[in-house]
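Me: Please take me through this model in short questions and answers. Keep the reasoning visible.

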Amino acid sequence: TEFTIKVIALVFFSGLMAISLYYKGLKYTPARTATLLELFFPFCAVIVNWVVLNQTLGLLQWVGGGLLILSAVVLQRKRY
């Protein structure tokens, strides 16, 4: 049916293609950089909800975002 085709297309493009690109990119990205970027995924999701979907941010979201940024800065400073 049409619904089944749409679900299969969604799985293929958003799942298989995205994860394939992700793992191809990991070949060329240092582990330290990949780890820090992975930490920012939840932070980016909150920003998209705030900017695109006009969702308000709660106190815990602000605190969590601040902790993510602080931890990334601390980890980068220890690098040198």
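## Reading the model

Me: Is Glu-2 buried, partly exposed or exposed?
Reply: The relative accessible area of Glu-2 is 56%. Buried means under 20%, exposed over 50%, and partly exposed in between (1.4 Å probe, protein chains only). Glu-2 is therefore exposed.

Me: What pLDDT does the protein average?
Reply: This is a predicted model: local features need pLDDT of at least 70, side-chain atom pairs count only at pLDDT 80 or more, and totals for chains, interfaces and linings use all residues. Side-chain values use heavy atoms, leaving out hydrogens and water, and residues are numbered from 1 along each chain as its sequence is written. pLDDT is the predictor's confidence in each residue, from 0 to 100. A score of at least 70 is reached by 98% of the residues, and the average is 81.

Me: Which element has the lowest mean pLDDT?
Reply: Among the elements, α1 has the highest mean, 83. The lowest mean is 78, and it belongs to helix α2 (residues 31-39).

Me: Which residue meets Glu-2 in a salt bridge?
Reply: A salt bridge puts a side-chain nitrogen of Lys or Arg within 4 Å of a carboxyl oxygen of Asp or Glu. By this rule the count is one. The partner lies 3.3 Å away, N to O, and is Lys-6.

Me: How far along helix α1 are Lys-6 and Glu-2 separated, in helical turns?
Reply: An α-helix has 3.6 residues a turn, so residues three or four places apart point the same way. Lys-6 is exposed too, at 52%. The pair sits four residues apart in helix α1, which means about one helical turn.

Me: What end-to-end distance do the C-alpha atoms of α1 give?
Reply: Helices (H or I, at least four residues) and strands (E, at least two) are DSSP runs, numbered from the N terminus. The expected span of a helix is 1.5 Å times one less than its number of residues. For the 26 residues of α1 (residues 2-27) that gives 38 Å, and the model agrees at 37 Å.

Me: Where does α1 bend?
Reply: The bend at a residue is the angle between axes fitted to the seven residues ending there and the seven starting there. In α1 the angle is about 30°, at Phe-12.

Me: What radius of gyration does the protein have?
Reply: The protein has four helices and zero strands. Its radius of gyration is well over the 12 Å that the globule rule gives for 80 residues, so the protein is more spread out than a compact globule. The radius is taken over C-alpha atoms, and the rule is 2.2 Å times the number of residues to the power 0.38. The value is 17 Å.

Me: What percentage of the residues count as buried?
Reply: The C-alpha trace spans about 55 × 35 × 15 Å along its principal axes. Of the 80 residues, the buried share is 8%.

Me: Which residue has a positive phi although it is not a glycine?
Reply: The residue is found in the loop between α3 (41-51) and α4. It is exposed, at 64% relative accessibility. Its phi is about 55°, and it is Asn-54.

Me: How far apart are the C-alpha atoms of Val-52 and Leu-26?
Reply: Val-52 is in the loop between α3 and α4. It counts as exposed, at 57% relative accessibility. Along the chain, Val-52 and Leu-26 are 26 residues apart; in space, their C-alpha atoms are separated by 28 Å.

Me: What C-alpha distance separates Val-63 from Glu-38?
Reply: Val-63 lies in helix α4 (residues 59-79). It is partly exposed, at 41% relative accessibility. Val-63 and Glu-38 are 25 residues apart along the chain, and their C-alpha separation is 18 Å.
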